[in-house]
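Good morning. I have one structure to show today, so please look at the screen before I start.

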Amino acid sequence: MNAAGVSYTSEIYPGTIHGFTMSDTDAFNPAALQRHWDRLLSLLGNALTTSGTSSNRA
């Protein structure tokens, strides 16, 4: 992604293991899940409101 000039972030959620968003597993971490959704919805909100405004060509 660096070579392509793409801006990105990578997050590690301390105290979690793979699958922490799955509520039916021992890996489930509700606090990390909430942080994940907060970050994801913010990212999507920003991307969707800024990227599609000039591409409405017929």
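I will go through the chain as a whole, then its salt bridges, an aromatic pair, a glycine and a pocket.

A word of caution to begin with: this is a predicted model.

Start with the overall picture. The chain has 58 residues, and 10% of them are buried. In secondary structure, the chain has one helix and zero strands. That helix, helix 1, runs over residues 30-51. About 5100 Å² of the chain is exposed, and 57% of that area comes from carbon and sulfur atoms.

Now the charged contacts. How many salt bridges does a search of the whole structure find? The search finds two. One of them joins the side chains of E11 and R35, with 3.1 Å from N to O. E11 sits in the segment before helix 1 and R35 sits in helix 1, so this pair links distant parts of the chain, 24 residues apart.

The other salt bridge is between E11 and R39, where the closest N and O atoms are 2.5 Å apart. Because E11 lies in the segment before helix 1 and R39 lies in helix 1, this pair ties together parts that are 28 residues apart in sequence. Put together, E11, R35 and R39 form a network of salt bridges.

Are these three residues buried, exposed or something in between? E11 has a relative accessible area of 27%, so E11 is partly exposed. R35 is partly exposed too, at 40%. R39 is also partly exposed, with a relative accessible area of 44%. For reference, partly exposed covers the range between the 20% cut-off for buried and the 50% cut-off for exposed.

Next, the aromatic rings. The count of aromatic pairs comes to one. The rings belong to Y13 and F20, and their centres are 5.2 Å apart. Why is this pair called tilted? The ring planes are at 35°, and tilted is the class for planes that are neither under 30 degrees nor over 60, so the pair is tilted. Both Y13 and F20 are buried.

For contrast, take G15. This residue is in the segment before helix 1. Its relative accessibility is 74%, so G15 counts as exposed. The C-alpha atoms of G15 and N29 are separated by 8.5 Å, and the two residues are 14 residues apart along the chain.

Last, the empty space. Rolling a probe the size of a water molecule over the atoms shows where such space is left. The largest pocket has a volume of about 350 Å³. Which residues lie nearest its centre? They are T9, E11, R39, L40 and L43, out of 15 residues that line the pocket. By type, the lining divides into six nonpolar, six polar and three charged residues.

Note that E11 and R39 appear here again, having already appeared as salt-bridge partners. That is the end of my part.

Methods:
Residues numbered from 1 in each chain as written. Predicted model: local features only at pLDDT ≥ 70, side-chain atom pairs only at ≥ 80, totals over all residues. Heavy atoms only, no water. 1 Å grid on protein atoms, 1.4 Å probe; cavity = no way out; pocket = protein on both sides within 12 Å on 5 of 7 lines; lining within 4 Å. Points joined across faces, edges and corners; volume = space filled by probe spheres on them. Nonpolar A, V, L, I, M, F, W, Y, C, P; charged D, E, K, R; others polar. Phe/Tyr/Trp six-rings, centres within 6.5 Å; stacked < 30°, edge-to-face > 60°. Buried < 20%, exposed > 50% of the residue type's maximum accessible area, 1.4 Å probe, protein only. Helix = DSSP H or I, 4+ residues; strand = E, 2+ residues; numbered from the N terminus. Areas by Shrake-Rupley, 256 points an atom, 1.4 Å probe, with all protein chains shown as cover. Salt bridge = Lys/Arg side-chain N within 4 Å of Asp/Glu carboxyl O.
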